[in-house]
Amino acid sequence: MSPGRWPVSLRVADGLTPSLVLRPLHRRDQSAWEALRRDNTAYLSRWEPTPPDGTIVRTGFGGYVRSLNRDARAGNIAPFAVEVDGELAGQVHLFGVMRGSLLSGAAGYWLGERFAGQGVATRALAALIDYALGPFGLHRVEVNIRPENVASLAVVAHLKFREEGVRERYLHIEGDWRDHRTFALTVDDLGGLPTIERWHLPG
Ligand SMILES: CC(C)(COP(=O)(O)OP(=O)(O)OC[C@H]1O[C@@H](n2cnc3c(N)ncnc32)[C@H](O)[C@@H]1OP(=O)(O)O)[C@@H](O)C(=O)NCCC(=O)NCCS
């Protein structure tokens, strides 16, 4: 696929419920997105990056959507809104894309608390991996997780990611540099199967 192909929407056809769609964030999502972020501030803040110098640049929602689309058209990210039964529930992003001889990227995800605990993140991440290692043309996707984040660790465990090791003081979160555990999947790990099928594999 050409890196600049965007927008992309993925209807997650894994036979599971609730229904799941990954699609670009739109300007018309503003009020739903802002309400979701506001209602989940405490739930999300332990896991979200903070600016090391404390400077928060506010571009507004329109500027945020424009910058996502611009970077997506350039092939540097694949930023999906997660829709659960037609309702905006969170986001799953492929970012930090390196092509050349690396062909690698990182995945990140969050949901509103009321959408959690039903397998949504596992299914959304599986769909993102299939897209990233399929049409998007990467060879490897990694996920970096704070050791304390049991819910996120369960998501990569569901999909049998390989653990690669610990990155010390890797990312600035909640005002300090935090260690992260790195997990990855490559095309070779999938062996031609949809990623979601790894969920119920033994081990
Ligand atoms: C991480 C997150 C996306 C997971 O979403 P989700 O849709 O609930 O994930 P799933 O339902 O696919 O799997 C979550 C697993 O974690 C488990 N879990 C959730 N909270 C837990 C807790 N506090 N303690 C132990 N296990 C927990 C669930 O039971 C489930 O495991 P199981 O299916 O084996 O029972 C969601 O919790 C979230 O948005 N957290 C805040 C943002 C964040 O941490 N993002 C990731 C940064 S690396």
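The following paragraphs describe the sheet, the helix packed on it, the ligand shell and some backbone features of a predicted model.

The central element is an open sheet of 8 strands, which follow the order 1-2-3-4-5-6-8-7 with mixed pairing. Strand 1 and strand 7 (162-173) occupy the edges, and each has a single partner strand, so one side of each is left without a neighbour in the sheet. Helix 4 packs on this sheet, where it touches strand 1, strand 2, strand 3, strand 4 (87-98), strand 5, strand 6 and strand 8 (176-186), and the direction of helix 4 makes about 155° with that of strand 5.

At the edge formed by strand 1, residues 10-11 of that strand are joined to strand 2 by 2 bridges, and the two strands run antiparallel. Within this pairing, Leu10 has Leu22 of strand 2 as its bridge partner. Strand 2 is in turn paired with strand 3 (residues 78-84), again in the antiparallel sense, over 4 bridges, and here Val21 stands opposite Glu83 of strand 3. The side chains of strand 2 (residues 20-23) alternate along the strand: Leu20 and Leu22 point to one face and are buried, whereas Val21 and Arg23 point to the other face and are not buried. Leu22, the bridge partner of Leu10, therefore belongs to the buried face of strand 2, given that a residue is called buried when 20 or more other C-beta atoms lie within 10 Å of its own.

Further along the sheet, Glu87 lies in strand 4 and is classed as partly exposed because 13 other C-beta atoms are found within 10 Å. Glu87 and Ser19 are separated by 68 residues in sequence, while their C-alpha atoms are 10.0 Å apart in space. The pairing of strand 5 with strand 6 (residues 140-145) is parallel and comprises 3 bridges, with Ser104 standing opposite Arg140 of strand 6.

At the other edge, strand 7 and strand 8 run antiparallel and are joined by 8 bridges, one of which pairs Ile173 with Asp176 in strand 8. These two strands form a hairpin with 2 residues between them, and Glu174, in the turn, has a positive phi of about 50°. Strand 7 is hardly covered, since the count of buried residues among its 12 residues is 0. Helix 4, by contrast, is mostly covered, with 13 of its 14 residues buried. The length of helix 4 was also examined: at 1.5 Å a residue, its 14 residues should span 20 Å, and because the end C-alpha atoms are 20 Å apart, the two values agree.

The ligand is surrounded by 19 residues, of which Ala116, Ala121, Thr122, Ala151 and Ala154 come nearest. Strand 5 (104-111), helix 4 (120-133) and helix 5 (150-158) each contribute at least two residues to this shell, and the largest share, 5 residues, is supplied by helix 5. Helix 4 is thus an element that both packs on the sheet and supplies residues to the shell around the ligand. In terms of residue class, the shell contains 13 nonpolar and 6 polar residues, and no charged residues.

Several backbone features remain to be described. Most residues other than glycine have a negative phi, and most peptide bonds are trans. Against this background, a cis peptide bond joins Trp6 and Pro7, with omega of about 10°, and Pro7 is situated in the segment before strand 1. The peptide bond from Thr17 to Pro18 is likewise cis, with omega near -5°; Pro18 is located in the loop between strand 1 and strand 2.

Positive phi values occur at Asp85, where phi is about 45° although the residue is not a glycine, and at Glu174, also a residue other than glycine, where phi is near 50°. Asp85 is placed in the loop between strand 3 and strand 4, and counts as exposed because it has 11 C-beta neighbours inside 10 Å. Glu174 lies in the loop between strand 7 and strand 8 and is exposed as well, with 12 other C-beta atoms within 10 Å.

Note on methods. Residues numbered from 1 in each chain as written. Predicted model: local features only at pLDDT ≥ 70, side-chain atom pairs only at ≥ 80, totals over all residues. Near = placed C-beta within 6 Å. Nonpolar A, V, L, I, M, F, W, Y, C, P; charged D, E, K, R; others polar. Pairing = 2+ DSSP bridges. Contact = placed C-beta atoms within 7 Å. Axes fitted to C-alpha atoms, helices over the stretch in contact; angles between N-to-C directions. Expected span 1.5 Å × (residues − 1).
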